[in-house]
Amino acid sequence: MSNILAALEYWLVNHPTIKNFTWTPGKTMASTPQFLCFTILSYLSSIFIFPQMKSLPSIPQSFLRPISAVHNTSLLLLSFVMALGCLLSTISHAPHVHWVICFPPQTKPTGPIFFWAYIFYLSKILEFMDTLLIILSNSIQRLSFLHVYHHSNVVIMCYIWLQTSQTLFPAVLFTNASVHVLMYAYYLSCALGVRPKWKKLVTNIQIMQFYSSFVVLSLMLYYHFTGSGCSGVWGWTFNVVFYSSLLVLFVDFHKKNYGSTANSQKKFTLNNVKHDYSKDLFCAYHIS
Ligand SMILES: CC(C)(COP(=O)(O)OP(=O)(O)OC[C@H]1O[C@@H](n2cnc3c(N)ncnc32)[C@H](O)[C@@H]1OP(=O)(O)O)[C@@H](O)C(=O)NCCC(=O)NCCSC(=O)CC(=O)O
């Protein structure tokens with residue numbers, strides 16, 4: 001057992017690449033604001049361009065499902081490794097408990113905790129593939145405002161974490177990566193043709209994650225004003241606005257998918273085509 005722990009600690013915390021990592025704007029791959037803007041603009045424009053390309057041959061589900069399964073398995077495993085890496089790095093490098101919530105001002109973005117923040121940032125770009133899979137499977141009506149809003153803004157959030165050495169990201173990273181293990185297990189199961197009965201549980205846990213992040217955000221503010229300050233306070237503002245808006249969108253998603261009206265709307269036959277209106281958030285939010 002101690003051998004396993006030692007190996008984990010080496011590969012997830014003390015490996016030289018991880019231990020000596022430093023976020024250097026302009027030098028580290030994907031670290032410039034230009035890269036960030038280009039990536040997000042490409043993502044958003046592809047959402048509008050792809051569906052217009054009517055000449056594209058439709059890709060059969062038998063081809064897309066295995067790709068989707070590989071993608072979801074990769075993100076499931078990566079999320080698990082990021083959660084574990086961040087947890088072990090925090091345990092072995094945090095000088096005291098409240099450091100997790102409040103890095104001292106001028107903290108340098110260096111060391112294993114920032115390495116995992118960097119991997120987390122890159123993983124959010126890999127998550128763009130979720131959107132591509134939805135588009136390629138000819139299910140553009142499934143593409144909700146919530147999905148696009150989340151995927152485009154979460155990259156900015158992670159960039160700000162690194163750029164401002166933002167306090168509190170270890171707690172948010174650990175929670176979100178853990179929730180994503182469950183979420184990608186759900187999507188993997190769907191890709192394999194089995195629709196899990198625990199969809200609502202995944203949504204409930206996602207909502208709980210947003211509530212719990214407000215506790216951490218409040219604690220940071222408390223430490224900031226009662227001590228000698230915390231690093232990356234303006235990033236705090238982005239987190240509050242982003243997480244509040246996600247909470248509102250997820251509560252709305254919950255109501256539409258699991259509320260009493262969702263059940264009565266669920267199966268609606270239109271021109272002999274079964275249409276599941278509970279999923280039709282894309283139309284509901286007027287992005288088409
Ligand atoms: C239970 C949820 C995780 C997912 O809800 P959905 O409504 O998207 O679920 P669904 O049952 O319609 O999706 C199943 C369909 O998605 C396909 N699918 C497979 N892999 C996918 C992937 N990686 N991303 C998106 N869709 C995918 C399946 O093949 C299936 O298609 P078919 O129907 O053809 O069989 C929910 O809680 C949720 O997050 N809803 C918001 C929508 C969303 O985009 N969430 C992810 C980003 S937000 C996020 O990530 C917040 C966070 O940080 O926690």
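This is a guided tour of one predicted protein model, with a suggestion at each stop of what to select and a note of what is there.

Before starting, keep in mind that the model is predicted, that local features need pLDDT of at least 70 and side-chain atom pairs count only at pLDDT 80 or more, while totals for chains, interfaces and linings use all residues. Residues are numbered from 1 along each chain as its sequence is written, and side-chain values use heavy atoms, with hydrogens and water left out.

**Stop 1: the whole chain**

Show the chain as a cartoon, and you will find twelve helices and two strands, where helices (H or I, at least four residues) and strands (E, at least two) are DSSP runs numbered from the N terminus. Followed along the sequence, these elements give the pattern α-α-α-α-α-α-α-α-α-α-α-β-β-α. Of the 288 residues in the chain, 46% are buried; buried means under 20% relative accessible area, exposed over 50%, and partly exposed in between, with a 1.4 Å probe and protein chains only. If contact is taken as heavy atoms within 4.5 Å, then among contacts between residues at least 6 apart in sequence, 78% join residues at least 24 apart.

**Stop 2: helix 5 and W116**

Select residues 112–126, which form helix 5 and include W116. Helix 5 has 15 residues and reaches 21 Å from its first C-alpha to its last, close to the 21 Å expected at 1.5 Å a residue, the expected span being 1.5 Å times one less than the number of residues. Twelve of the 15 residues of helix 5 are buried, so that this helix is mostly covered; among the buried ones are P112, F114, W116, F120, Y121 and K124.

Now select W116 alone, which counts as buried at 5% relative accessibility. Leaving out residues up to four places away in sequence, W116 touches L12, I18, V81, M82, G85, C86, S89 and L173. Add F174 to the selection as well: W116 and F174 are 58 residues apart in sequence, yet 9.8 Å apart in space from C-alpha to C-alpha.

**Stop 3: the nonpolar cores**

In soluble globular proteins, nonpolar side chains tend to be buried together. A nonpolar core is a set of buried Ala, Val, Leu, Ile, Met, Phe, Trp, Tyr and Cys residues joined through side-chain atoms within 4.5 Å. The largest nonpolar core here has 61 residues, and those with the most contacts inside it are W116, Y121, W161, F169 and L173. Apart from the largest core lies another, of ten residues, among them M183, L188, C190 and V202.

Select W161 next, and look for F114, F120, Q166, F169, V172, L173 and N239, which W161 touches when residues up to four places away in sequence are not counted.

**Stop 4: helix 7 and what follows it**

Select helix 7, residues 145–163. The 19 residues of helix 7 should span 27 Å at 1.5 Å a residue, and this agrees with its end C-alpha atoms, which are 27 Å apart. Because 15 of those 19 residues are buried, helix 7 is largely enclosed by the rest of the structure.

Move on to T164, in the loop between helix 7 and helix 8 (169–191). T164 is buried, at 13% relative accessibility, and, its neighbours within four places in sequence aside, T164 is in contact with S231, G232 and W234. Just after helix 7 you can also select S165, which takes a positive phi of about 50 degrees. Most residues other than glycine have a negative phi.

**Stop 5: the cavity**

A cavity is a set of points on a 1 Å grid over the protein atoms alone where a 1.4 Å probe fits but cannot get out, and its lining residues have an atom within 4 Å of a point. The count comes to one cavity of 30 Å³ or more, and about 40 Å³ of space lies in the largest cavity, where grid points are joined across faces, edges and corners and a volume is the space filled by probe spheres set on the points.

Select F120, H150, V154, M157, N176, F210, F242, Y243 and L246, which line the largest cavity. Helix 7 and helix 10 (233–258) are the elements that give two or more residues to this lining.

**Stop 6: two loop residues**

Which of the next two residues is buried, and which is exposed? Select A30, in the loop between helix 2 (16–19) and helix 3 (33–49), and then Q106, in the loop between helix 4 and helix 5. A30 counts as buried at 12% relative accessibility, whereas Q106 counts as exposed at 72%. Phi is positive in each, near 70 degrees for A30 and near 60 degrees for Q106.

Key. On a 1 Å grid over the protein atoms alone, a cavity is a set of points where a 1.4 Å probe fits but cannot get out, and a pocket is an open set with protein on both sides within 12 Å along at least five of seven lines; lining residues have an atom within 4 Å of a point.
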